[in-house]
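Work through the exercises below with the structure open. Each task is followed by a stepwise solution.

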Amino acid sequence: MASCSVEDVLAKAERDEAEKLKGITVSKELDLEFDPGNLLAFDKNRIDTREFKDSKREDFLRSLARDNTQLLINEIWKLPTERVEEVIVAKLPDPTTLLPREKPAPKPKPPTKWEQFAKLKGIQKKKKTNLVWDEVHKEWKRRWGYKRAKDDTKEWLIEVPVNADPNEDQFAKRNKAKKERVARNEYNRLKNIARAQKIKVPGMGLAPTPQQSKAELAQAVNIAKISTASVGKFQDNLPKEKTPKNTGKKRKFQPLIGDFSSEKQKQLDLLKVMDSKKPRLDITKAVNKQMREEDMESRKKNKKDFGKKGQRGKMSGKGKGKAGGKGKGPKGKGRKPQMKQGKR
Amino acid sequence: MRPLTDEETKTMFEKLSKYIGENIRLLIDRPDGTYCFRLHNDRVYYMSERILKLATNISRDKLVSVGTCFGKFTKTQKFRLHITALDFLAPYAKFKVWVKPGSEQSFLYGNHIMKSGLGRITENTAQYQGVVVYSMADVPLGFGVAAKTTQECRMVDPMSIVVFHQADIGEYIRSEDTLT
């Protein structure tokens, strides 16, 4: 019994050893192609369709995967290793398989205005050095940008040219010119981008929103009108168009000592307009008037009846009558019938 | 100094017409001379043409006041009537309120007028109508806004406010610096 078991145990141990060895070595008809850079193993062996039957399919697939993975791991172990923080790491070489693009290839950008012009004229790009020798500071400085070689905005002395106004600030003039150049450059850059991406840019004077208000459109029309060489002086008006005055931001007032009589007349006309806007029949006033009259009537009656029939409770004639049309109604619709208060 | 624009004139006339109604035309069209409104530092001044021509000789920063100040335009272009306009508006007032001698001083200190202090009030006064406040001796004291109609004034209790205070002649002492 014991010998049996020992033999069994030995046999079992031997089988386990075989298993283990089998585990590491895998025999294949064709060798796999490896791309350790991508951790890729490419198996070109034929697959027996018999093994692909329903019942054995899962097992077959599992064993196939296990074998191929084992071969890939063997391949990885062949790579040079290094130790990173107590972990053995294999250094992967560069991948050899070319993967397809994730996104479509970028389309070539349309040339900018300058590039078109350069192509037309045959202007080649001249390679320039990055640094320029600055004689003043005796060192190499950038050609453009921060702390550049010839920065004319940093000059401490500017000669006033012969034909310039002596009171003009030359420094401010230079700064302003630079700002204008920067702004123009930026504007052209944005225009290039808009042209490249075929974005519609609104014309001068319009807001970039699709819906413009009437005032904005009118302003754009005015700007377009004066955008000629003679600043719109010879532009004819449309049939019913009026020449706009005071389109600038500066407000224009009447002269201080203008024509007094015309001023007076204008003010009187304004008063007349204001009066006409007020309703001829003021509803609240009419109601109050009506209420007052009823009050007086009831008081008179009280006085009379007081003498006749003795004390009676004070009648408050506060009933709201309809707005009696004492004159024409506000919209001239004719008189409203005067509602008389009935006997109480 | 400059003349008023159309909008400013309109706002001002609306305010004035609350107190004197259509009698504004008597201010514009005077038989005894041409008077005009001019704006200087947001204040509206009423002056004769002669004074205006003299005032043009003074520079803007040195000019403090011309003629009589009627009021001023606030930052949001609302027109505020000042007490200095009283002399011109009092004779043309449409709705008047007479205040009893007892509560005269209260009004001159800037308080509203209560029913107990009300002497007389013109008939047909609408609610929130601009009124000119007089003392019992017919001396104009200031401006106000009727809080109640004449009818309602008769019926309310004595402690309720009948006229809101707008301007009074006590301001000549109280707000001396800001009046110009």
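The exercises cover cavities first and salt bridges second, in a predicted model.

**Exercise 1. Find the largest cavity and describe its lining.**

Step 1. Search the whole structure for cavities of 30 Å³ or more; there are 2.
Step 2. Take the largest cavity, which holds about 60 Å³ of space.
Step 3. List its lining. Chain A supplies F260(A), E263(A), K264(A) and Q267(A), while chain B supplies I28(B), T34(B), Y35(B) and C36(B).
Step 4. Map the residues to elements. Two or more lining residues come from helix 6 (260–277) of chain A and from strand 1 (35–40) of chain B. Helix 6 of chain A gives the most, with 4 residues.
Step 5. Sort by class. The lining has 4 nonpolar, 2 polar and 2 charged residues.

**Exercise 2. Repeat the analysis for the second largest cavity.**

Step 1. The volume is about 50 Å³.
Step 2. The lining contains L271(A), M274(A), D275(A) and K278(A), along with S17(B), G21(B), E22(B) and I24(B).
Step 3. Helix 6 of chain A provides the largest share here, 3 residues.
Step 4. The classes are 3 nonpolar, 2 polar and 3 charged.

**Exercise 3. Which parts of chain A does the salt bridge between D43(A) and K28(A) link?**

Step 1. Check the distance. The closest N and O atoms of D43(A) and K28(A) are 3.2 Å apart, and the cut-off is 4 Å.
Step 2. Place the partners. D43(A) is in the loop between strand 2 (40–42) and helix 2 (54–77), and K28(A) is in the loop between helix 1 (2–24) and strand 1 (33–35). They are 15 residues apart, so the pair links distant parts of the chain.
Step 3. Classify D43(A). Its relative accessibility is 25%, so D43(A) counts as partly exposed.

**Exercise 4. Analyse the salt bridge between E33(A) and K44(A).**

Step 1. The closest N and O atoms are 2.7 Å apart.
Step 2. E33(A) sits in strand 1 of chain A, and K44(A) in the loop between strand 2 and helix 2, 11 residues away.
Step 3. E33(A) is partly exposed at 42% relative accessibility. K44(A) is also partly exposed, at 47%.

**Exercise 5. Is D168(B) buried or exposed?**

Step 1. Identify the partner. R174(B) and D168(B) meet in a salt bridge, with 3.0 Å from N to O.
Step 2. Apply the cut-off: buried means under 20%. D168(B) has a relative accessible area of 0%, so D168(B) is buried.
Step 3. Classify the partner. R174(B) is partly exposed, at 41%.

**Exercise 6. How many salt bridges does the whole structure contain?**

Step 1. The search over all chains finds 25.
Step 2. Look for shared partners. R148(A), D151(A) and K154(A) are joined into one network.

Methods:
Residues are numbered from 1 along each chain as its sequence is written. Chains are lettered from A and ligands numbered from 1 in the order in which they are written. This is a predicted model: local features need pLDDT of at least 70, side-chain atom pairs count only at pLDDT 80 or more; totals for chains, interfaces and linings use all residues. Side-chain values use heavy atoms; hydrogens and water are left out. On a 1 Å grid over the protein atoms alone, a cavity is a set of points where a 1.4 Å probe fits but cannot get out, and a pocket is an open set with protein on both sides within 12 Å along at least five of seven lines; lining residues have an atom within 4 Å of a point. Grid points are joined across faces, edges and corners, and a volume is the space filled by probe spheres set on the points. Ala, Val, Leu, Ile, Met, Phe, Trp, Tyr, Cys and Pro count as nonpolar, Asp, Glu, Lys and Arg as charged, and the others, Gly among them, as polar. A salt bridge is a side-chain nitrogen of Lys or Arg within 4 Å of a carboxyl oxygen of Asp or Glu. Buried means under 20% relative accessible area, exposed over 50%, partly exposed in between (1.4 Å probe, protein chains only).
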